[in-house]
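Hi there,

Here is the structure I promised to pass on. Have a look at it, and then read my notes below.

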Amino acid sequence: MSLRRDVRHGLRIGRAEFVRSLRGYASETRRIVGLLLLLLFFGGSLLFSLPVVYVAGRSAQSVTEIPFFDLAATGVPVALALLATFRTLERIGRVEHESLVLTTVHPRAVVIGLIAAEIGRIALWFGLPFAVVAATFTAGLGAPSLLVTAALVVVPLACCTTVWGYAAGIAVLRAFERLPGVRRVLKVVGFVATVAFVLVSQSVGRSLADGSLPVEWLAATLAIGPLGDYLALAFVGTPLARPFSAVAVATFAAIVALTPVGLVVATRQASALWFTDRATGGDRGSSAAADVEANGSPGGFSVPGPLSATKGGRVAWGLLVRGVRHPQKFTHLVMLVFFLGPLGTTIVQSSADGLGPLLAASGAGLGTYLAGATFGLNPLGDDRPQFPLLLLTATAPRALVRGRVLAGIVLGVPVAAALPLATVALGTSPLSAVGFALVGVCMCVAAAAFAVGIGAAYPIYEEREFWGAKTVVPSTLVLMAFMFVVGPGTVIGLVATWFGVTGHLSATPLLAVGLGLYLLVTVGVSYGAYRYAIRRYRTYTFD
């Protein structure tokens with residue numbers, strides 16, 4: 001096929017994929033509500049920042065006066081390339097109904113379509129806020145031509161980074177196909193790298209705020225000069241224009257030339273991935289037989305003694321085994337990383353006397369979060385594929401819900417108890433360590449019971465692809481609601497525990513009333529959520 005025909009077919013595929021994305025955003029009321037809340041949160045932040053952008057446009061006399069311009073010129077293309085790479089790994093590494101599509105058009109057309117749709121989504125999510133900020137800065141600067149020149153500079157850069165990010169993502173997927181063991185290692189490495197990035201970024205932000213880290217040194221270390229010169233071309237025809245430089249022109253020529261090269265690389269990588277035979281699992285029978293012989297049950301499913309006494313315990317063990325075999329189910333837990341960042345920097349900067357108690361409280365809080373967020377935030381959606389079988393068995397809905405609560409407790413309690421007790425080696429008093437451990441264990445039970453209720457109220461059934469495997473993850477709204485309810489409740493309990501074990505609380509009627517009210521709300525809400533989840537299981541109907 002000719003390049004012109006592939007481009008035409010690819011643009012049609014891209015338009016169809018982009019339109020399907022828009023329909024998916026507005027397909028259900030819950031998604032519309034989620035988008036409105038997202039718009040309210042980030043749109044409000046953007047709205048409050050616009051006056052600052054306008055004042056910056058009014059007062060700027062040169063590009064160098066724009067705060068962090070060189071860093072932004074380096075960070076934007078890097079962020080776009082990484083975003084395209086991760087999106088390829090999660091969503092667009094393969095085209096849906098590939099058996100039909102790949103026998104109808106050339107793979108190059110499919111690649112063009114997927115990349116074009118992704119560029120459209122990037123323009124929708126990031127281009128619109130950028131356009132609002134650029135328009136506000138332009139109004140302050142008084143140079144309307146900036147909108148046109150900025151688009152002419154940013155669009156080629158976005159296309160180039162998206163194309164090469166897609167090629168990098170396909171290359172990683174091919175490596176996964178050839179080296180299956182690398183996939184699990186990279187998941188662990190990726191999670192650790194994400195945690196490290198958040199912690200480092202929080203530390204850098206604090207250092208910049210207090211002046212201990214000079215901005216000039218950071219800009220000189222991280223900024224890439226040619227990218228800054230290239231993005232400065234957006235100010236041609238405005239009072240902030242720089243003289244034309246050979247580096248800027250050469251960077252522009254390199255970006256334009258590298259885009260089709262990246263398309264060729266991406267097409268070859270994608271063709272090799274899509275047309276490579278994959279293992280059909282023919283060897284699984286022998287491995288399963290080996291597991292039966294070695295462990296006495298298929299896949300080593302022998303239930304430990306403490307959990308084998310009840311049906312709920314056996315259900316919990318099944319959930320734990322499924323979680324180990326399919327760790328993509330816990331992708332939503334990464335949200336915790338963004339809350340651990342400020343806490344991590346606080347721990348690092350804390351004094352020696354306060355380090356132990358702070359770590360003890362953090363361990364209790366972390367265990368509480370894991371107890372509820374691991375298995376409880378989407379019980380109906382997680383069980384949906386097995387519901388016809390589950391509802392026909394003799395296992396009561398109470399046992400199914402109790403199994404989820406128990407599975408979360410099995411994961412959360414060891415963290416909530418072991419970490420506070422381990423801080424005794426750091427100087428924490430035994431009384432404080434035991435107090436935090438006991439409160440953490442109680443919080444784990446309450447959080448696990450509350451999670452199944454809020455998760456059953458707002459189930460998610462659609463599968464999403466993460467790192468090449470499809471799974472169902474809880475709604476972001478449910479996760480945020482869980483964190484905003486359990487988080488403050490846990491903090492109140494831990495602060496009260498700290499004041500209690502240090503002797504700063506005296507037995508008074510007011511304290512008794514407050515403590516009783518707190519326990520009543522915590523136990524009542526958690527138990528009510530647990531009962532609601534059982535009722536949702538009992539009254540569940542198939543559409």
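Does L35 count as buried, partly exposed or exposed? At 31% relative accessibility, L35 counts as partly exposed; buried means under 20% relative accessible area, exposed means over 50%, and partly exposed lies in between (1.4 Å probe, protein chains only).

Before going on, please keep in mind that this is a predicted model, where local features need pLDDT of at least 70, side-chain atom pairs count only at pLDDT 80 or more, and totals for chains, interfaces and linings use all residues. Residues are numbered from 1 along each chain as its sequence is written, and side-chain values use heavy atoms, with hydrogens and water left out.

L35 sits in helix 2 and joins L38, F41, F42, W125 and F126 in a nonpolar surface patch of about 610 Å². Such a patch takes residues with over 30% relative accessible area and no salt bridge, joining nonpolar side chains (Val, Leu, Ile, Met, Phe, Trp, Tyr) within 5 Å and like charges within 9 Å. A salt bridge is a Lys or Arg side-chain nitrogen within 4 Å of an Asp or Glu carboxyl oxygen. Areas come from the Shrake-Rupley method with a 1.4 Å probe; for residues, only the protein chains shown count as cover. Helix 2 gives the most to the patch, with four residues.

The protein has 21 helices and two strands (DSSP runs numbered from the N terminus: H or I, at least four residues, for helices; E, at least two, for strands). Buried residues make up 38% of its 543 residues.

Best wishes
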